[in-house]
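Ready for a few exercises? Have a look at the fold below, then work through the tasks one at a time.

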Amino acid sequence: NSKNIFNIQNTVIKFINDENSLKYFKSQSKYFEILSLDLEGELSSSYENIIINLIQICDDTNFKNDIYVIDFYTLKNSENQIFNELTKILKDILENKNIKKIFFDGRSDLLCLHKECKICVKNFIDLSSLYTAVNSYEKQY
């Protein structure tokens, strides 16, 4: 559906917010090798209340830089079948050890995915730890 796809300087942004766009996302997910992820939402300080609004996924495979903006909030509040399909797709992607995932300061993102969708992300790196290590090394030397 072209209403959900935008092309900005060779970066394609796809909004996943209905059944058709979700089917498209699923069809593309079998080609994923390297993904960068970020979640937008709310997480209480007690970690009891979790609300995921958006999930942003950049497909970095072969430097494609296709971006998928998943309207998690809308899909969660749609038919159960659609939301169940979304969580299954996300689980298949994020728990796949053959797909590399990149987060930056992703602790709360990982916690939200686990609590909201029962997803335990595999084969990921959190670049904030690398940033901290490099920054610490520069200060020492």
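Two strands pair if DSSP finds at least two bridges between them; strands (E, at least two residues) and helices (H or I, at least four) are DSSP runs, numbered from the N terminus. This is a predicted model, where local features need pLDDT of at least 70, side-chain atom pairs count only at pLDDT 80 or more, and totals for chains, interfaces and linings use all residues. Residues are numbered from 1 along each chain as its sequence is written, and side-chain values use heavy atoms, leaving out hydrogens and water.

**Exercise 1.** Follow the strand pairing through β4.

*Solution.* Start with β3: nine bridges tie it to β4, and the two run antiparallel. Here Leu 43 has Ile 50 as its bridge partner. Next, β4 and β5 are also antiparallel, with six bridges, and Ile 57 sits opposite Tyr 68. Finally, check the hairpin of β4 and β5: six residues lie between the strands, and Asn 62 takes a positive phi near 55°.

**Exercise 2.** Find which element gives the largest share of the largest nonpolar core.

*Solution.* First, the term: such a core is a set of buried (under 20% relative accessible area) Ala, Val, Leu, Ile, Met, Phe, Trp, Tyr and Cys residues joined through side-chain atoms within 4.5 Å. This one has 30 residues, and Phe 25, Ile 55, Ile 57, Ile 70 and Leu 90 have the most contacts inside it. Elements supplying at least two residues each include α1, β3 and α3. The largest share, seven residues, comes from α3.

**Exercise 3.** List partners of Ile 70 beyond its neighbours within four places in sequence.

*Solution.* Counting contacts as heavy atoms within 4.5 Å, you'll find among them Ile 16, Phe 25, Asn 53 and Leu 86.

Note on methods. Buried < 20%, exposed > 50% of the residue type's maximum accessible area, 1.4 Å probe, protein only.
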